[in-house]
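Take a look at the chain shown below. This report follows its strands and its charged side chains.

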Amino acid sequence: MTIGSVTRELNVSRPEEARATLDNAYVVMRPDTLQLSRERSASAWRGRVINRRFAGGLVVYRVELADGAIVDVESASGEIHEDETVTVTPHNGLFPIVPG
């Protein structure tokens, strides 16, 4: 998956009824499958925090990545603030895809 100029290989799962090869697909990235950091990394997607909300013991950050992609990222830390530049990386695991 490429966002901006950063390409990450993701392990994906697809619905059983989906064809073996999909011409177009969406990757489902849940907030709990992504990690937020202030550290720069060549293999991470760079973005800017556009808002955050408190959800019980967690903070959910909305991050605008390159190319205008927007993701939500869960974190137990509330240390990062709006307008900060951050990096986002996927945790290891399966990411569902759905036909697009």
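How many bridges join strand 7 to strand 8? The count is 6, and the two strands run antiparallel. Keep in mind that this is a predicted model.

## Strands 7 and 8

Strand 7 covers residues 58–65. Strand 8 covers residues 70–75. Together they form a hairpin, with 4 residues between them. Asp67 sits in that turn and has a positive phi of about 65°.

Now pick out Glu64 in strand 7. Its bridge partner in strand 8 is Ile70.

## Strands 6 and 7

Strand 7 also pairs with strand 6, which spans residues 45–55. Here 8 bridges join the two, and again the strands run antiparallel. This pair makes a hairpin too, with 2 residues between the strands. Gly56 in this hairpin takes a positive phi near 70°.

Which residue of strand 6 stands opposite Glu64? Arg48 does.

One general point helps when you view any strand. In a regular strand, side chains alternate between the two faces of the sheet.

## A salt bridge between strands

Arg48 and Glu64 do more than face each other. Their side chains meet in a salt bridge, at 3.6 Å from N to O. Arg48 belongs to strand 6 and Glu64 to strand 7, so the pair ties together parts that are 16 residues apart in sequence.

Are these two residues buried or exposed? Arg48 is partly exposed, at 34% relative accessibility. Glu64 is partly exposed as well, with a relative accessible area of 31%. The linking goes further: salt bridges with shared partners join Arg48, Glu64 and Asp83 into one network.

## A salt bridge between loops

The whole structure holds 6 salt bridges. One of them joins the side chains of Glu84 and Arg38, at 2.8 Å from N to O. Where do these residues lie? Glu84 is in the loop between strand 8 and strand 9 (85–90). Arg38 is in the loop between strand 5 (34–37) and strand 6. The pair therefore ties together parts that are 46 residues apart in sequence. Arg38 is partly exposed, with 43% relative accessibility.

## Arg30 and Asp32

Another salt bridge brings together the side chains of Arg30 and Asp32. The N to O distance is 3.2 Å. Asp32 has a relative accessible area of 37%, so Asp32 counts as partly exposed.

Definitions and conventions. Residues numbered from 1 in each chain as written. Predicted model: local features only at pLDDT ≥ 70, side-chain atom pairs only at ≥ 80, totals over all residues. Heavy atoms only, no water. Salt bridge = Lys/Arg side-chain N within 4 Å of Asp/Glu carboxyl O. Buried < 20%, exposed > 50% of the residue type's maximum accessible area, 1.4 Å probe, protein only. Pairing = 2+ DSSP bridges.
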